[in-house]
Amino acid sequence: MKDVLINERPEIIEAATSLTIPDIEALRFRSSGIHQLEDKDKVWLLDRYYSGHPEESKEEI
């Protein structure tokens, strides 16, 4: 998930989630706030992460 925060343009994350650019910048440098995100924001970030890392989403359960 942190990959997305670092590699995605902040404006795209801001438009798709309830995060503001200062929130995004802060999360890039420390992971401590990630667990406090709203579920819909976590889902969006994870979706972006797995679309960039498809091999990880295909692990067998």
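A residue is counted as buried when its relative accessible area is under 20%. In the predicted model examined here, arginine 28 has a relative accessible area of 17% and is therefore buried. Arginine 28 is part of helix α3, which spans residues 21-29. When residues up to four places away in sequence are left out, the contacts of arginine 28 are Lys2, Leu5, Ile6, Glu8 and Pro10.

Arginine 28 is not isolated in its burial: Ile24 and Leu27 are the other buried residues of α3. Around the helix axis these residues cover an arc of only 105°, so they lie on the same side of α3. The partners of this buried side are α1 (2-7) and α2 (10-16), against which the buried residues of α3 pack. The opposite face of α3, turned away from the buried side, carries Pro22 and Phe29, both exposed.

A comparable analysis was made for helix α4, which comprises residues 39-52. The 14 residues of α4 reach 20 Å from the first C-alpha to the last, close to the expected 20 Å at 1.5 Å a residue. Buried positions in α4 are Asp41, Trp44, Leu45 and Tyr49. Viewed down the axis of α4, the buried residues fall within an arc of 135° and therefore line one face of the helix. The other side of α4 holds the exposed residues Asp39, Lys40, Val43, Asp47 and Ser51.

At the level of the whole protein, the secondary structure consists of 5 helices and 0 strands. The order of elements from the N terminus is accordingly written α-α-α-α-α. Of the 61 residues, 30% count as buried; arginine 28 belongs to this buried set.

Overall dimensions were also computed. The radius of gyration of the protein is 12 Å, which agrees with the value near 10 Å that a compact globule of 61 residues would have. Taken along the principal axes, the C-alpha atoms fill a box of roughly 35 × 20 × 20 Å. The accessible surface comes to about 4,300 Å², and carbon and sulfur atoms contribute 52% of it. Among contacts with a separation of 6 or more, 44% are between residues 24 or more positions apart.

Key
Residues are numbered from 1 along each chain as its sequence is written. This is a predicted model: local features need pLDDT of at least 70, side-chain atom pairs count only at pLDDT 80 or more; totals for chains, interfaces and linings use all residues. Side-chain values use heavy atoms; hydrogens and water are left out. Helices (H or I, at least four residues) and strands (E, at least two) are DSSP runs, numbered from the N terminus. The expected span of a helix is 1.5 Å times one less than its number of residues. Buried means under 20% relative accessible area, exposed over 50%, partly exposed in between (1.4 Å probe, protein chains only). The arc is that of the directions from the helix axis to the C-beta atoms. The radius of gyration is taken over C-alpha atoms; the globule rule is 2.2 Å times the number of residues to the power 0.38. Contact means heavy atoms within 4.5 Å. Accessible areas come from the Shrake-Rupley method with a 1.4 Å probe; for residues, only the protein chains shown count as cover.
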